[in-house]
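Subject: Structure for your review

Dear colleague,

Please find the structure we discussed below. My notes on what was found in it follow.

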Amino acid sequence: MSLLRKVKCRGGVTAASLRGEIAFAASRSLHDLSSPRGPGGAMALRRGASGVGIGRSRGGGSRLALAVLAFFCVLSPLVFFFGRGLHTGSAHGDDYNANGSGKENLDWRERMALERLSSLFSKEVLDVITANIDDSNPLSLDSFRKSNMSASWKIDGAEASFENKPKKSATDTKQQTPKGMVTDSSDERSQFVDSPAKLARRQLREKRRLKRAAELVQQDEEVTVKLENAAIERSKSVDSAVLGKYSIWRKENENENTDSTLRFMRDQIIMARVYLTIAKMKNKLDLYQELQTRIKESQRALGEASGDADLHHSAPERMKAMGQVLSKAREQLYDCKLVTGKLRAMLQTADEQVRSLKRQSTFLSQLAAKTVPNAIHCLSMRLTIEYYLLPPEKRKFPRSENLENRDLYHYALFSDNVLAASVVVNSTVVNAKDSSKHVFHLVTDRLNYGAMNMWFLANPPGKATIHVENVDEFKWLNSSYCPVLRQLESAAMKEFYFKADHPTTLSAGSSNLKYRNPKYLSMLNHLRFYLPQVYPKLDKILFVDDDIVVQKDLTGLWSVNLHGKVNGAVETCGQSFHRFDKYLNFSNPHIARNFDPNACGWAYGMNMFDLKEWKKKDITGIYHKWQNMNEDRVLWKLGTLPPGLMTFYGLTYPLDKSWHVLGLGYNPSIDRSEIENAAVVHYNGNMKPWLELAMTKYRLYWTKYIKYDHPYLRTCKLSD
């Protein structure tokens, strides 16, 4: 009853503390019974003493004492182990729950102890104790109310506490049970339920994880969309006119099944050639002959077809027959290793053929770019004949007094192409505000001198002044004064330019063709370094190439302040290959000491030269210095741009890029608005506008300044 009083006072104790109370009470009872100082102890001793005396006299009292002693000797260890087992289970409940053998031992000890203690406590007390053993929760008072207890077990003040306590539904209990943890409704297992704070933290972590995953997926999708949009923009810049009928951007290629029969037959021929080699290797002569026959038939059916519509009417039958032979060959000859090796060999052979064809294509494109079209050659010859048929008094241009007038706008144009020179002059005059203030100084060679004069005599450019000179009549331009002329006359230079290691094939000579470009051998190309000598009375002059088109009035260039520089030009260092290290040999100490490899390059084609500053700084002398040092071509290989970069190093003033847009002779992706807003467009590159290989999308800017209904042009069959 003392134990029940403690329960009543405390209202709820843990199972471990309850077991301790039980063990302590049991041991206390045994101690009271055995202690000589306890209640009735003296009497027991006295009874024992008297019993002994009686036993001595009677002989039966000793047996009773021994039985009592044996009973307590057996009961004391049981109580000790029962209390120790309960205490150990309280301290190490988790370990016993994890270990099945430990739990079985604990249950065995509890059962044995409860059997021994049944004589000390009533059945109701033991049932309550057994039903409420829980290592992690306090003793539940609710169980007292649910059991049919006597009135003595009812606890005062418990009604209010039970009524105020919120009831949890089965759903709430299920939600609070963490995933992966198994709940056991049995009395022998404890229920592991997280607190609401832990559940809230877990849910918050899960929400953050899901949110982060969604953000990563969204970022990945955004990157993919950006890459796709960039690819689409790049595809728009591809020029279909350049790519021709093999362009992958043609509308026909939107259909995946376009020309499927043609491609399938070509694939059949490839596989037939593979099996043909294997059949010969394995001495399958009948199959070899059959494959060879089918290959020839398929090739005849294909012919020169470029699509399914061009195929011969027998193509489907040939395709079916080839398929039957290939099935037969596959059954008899298929060997994965052999087929793979043969396909690899065929791929390598095809790759070598493609490289050879690319070299030949490069050679032919360079050759086409350097040759004069037949129609332009015809025009030059007819004009030359007409010129020399004129009387001498009709060969002179009007307004010759403007040639040395420093108040006018002077242009220098060195060309041997009559049609190209006419476009430069006509486009400049058409877009000029006052054509009478523009003076054009043309210099050509002996062969085209008559044609150049005759064209502008027959087609005067408005009120502009024209003057044509022959470079071969410049007596001061000789080998003793000009280093490049002296070098061109040397045997080593002739060997380099003309023989070019004696190439025997087109592909072998493609790498040397650029060295044999006629413009590198013509003084018209090097005359740009002698402008003060050619025009000694002028202060400023605009140098232009013959492959440009003028789209705006250029008089504003004469108002640009060059800040003491000699050359006004548009820089081209937006790309890495337009810097000095791409033109000059920086392994040479002379180059490395005097120039910056990352210095920005600039373009010839439209350059404003201050001839007064030119003379002060002796630009021609600087050019001669570097040209003499490059006699063995150790500083640069060819052309006039490298020596121009060296000669005008530190003396070039950068003009606004809108004055001069380059690349129409090689770059198919120039923005249209950039071209239309430019004052001058330049067809630098191999695809000149007067050639058939010119880019169609850019050719219109050039052809609109040509009158194709002119009698000379119609006679020579020149058309747009």
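Helix H28, which covers residues 619-629, has these buried residues: Ile619, Thr620, Tyr623, His624, Trp626 and Gln627. Please bear in mind that this is a predicted model. Several helices help to cover the buried residues of H28, among them H20 (483-488), H24 (523-526) and H25 (531-534). Also included in that cover are H26 (589-594), H27 (611-617) and H29 (641-647).

Helix H31 (residues 696-703) likewise has a buried set, made up of Tyr698, Arg699, Tyr701, Trp702 and Thr703. These residues pack against two helices, H18 (418-430) and H30 (672-676), and against strand E5 (548-550).

On the surface, Lys198, Arg201, Arg205 and Arg208 form a positive patch. Arg201 belongs to helix H11, which runs over residues 196-236. Is Arg201 buried, exposed or partly exposed? Its relative accessibility is 45%, and because buried means under 20% and exposed over 50%, Arg201 counts as partly exposed.

As for the protein as a whole, there are 32 helices and 10 strands. It has 720 residues, of which 38% count as buried. Among contacts with a separation of 6 or more, 74% are between residues 24 or more positions apart. The exposed area comes to about 43,000 Å², with carbon and sulfur atoms supplying 53% of that area.

Regards

Methods:
Residues are numbered from 1 along each chain as its sequence is written. This is a predicted model: local features need pLDDT of at least 70, side-chain atom pairs count only at pLDDT 80 or more; totals for chains, interfaces and linings use all residues. Side-chain values use heavy atoms; hydrogens and water are left out. Helices (H or I, at least four residues) and strands (E, at least two) are DSSP runs, numbered from the N terminus. Buried means under 20% relative accessible area, exposed over 50%, partly exposed in between (1.4 Å probe, protein chains only). Contact means heavy atoms within 4.5 Å. Accessible areas come from the Shrake-Rupley method with a 1.4 Å probe; for residues, only the protein chains shown count as cover. Patches are made of residues with over 30% relative accessible area and no salt bridge: like charges are joined within 9 Å, nonpolar side chains (Val, Leu, Ile, Met, Phe, Trp, Tyr) within 5 Å. A salt bridge is a side-chain nitrogen of Lys or Arg within 4 Å of a carboxyl oxygen of Asp or Glu. Lys and Arg count as positive and Asp and Glu as negative; His and the chain ends are not counted. The place of a charge is taken as NZ of Lys, CZ of Arg, CG of Asp or CD of Glu.
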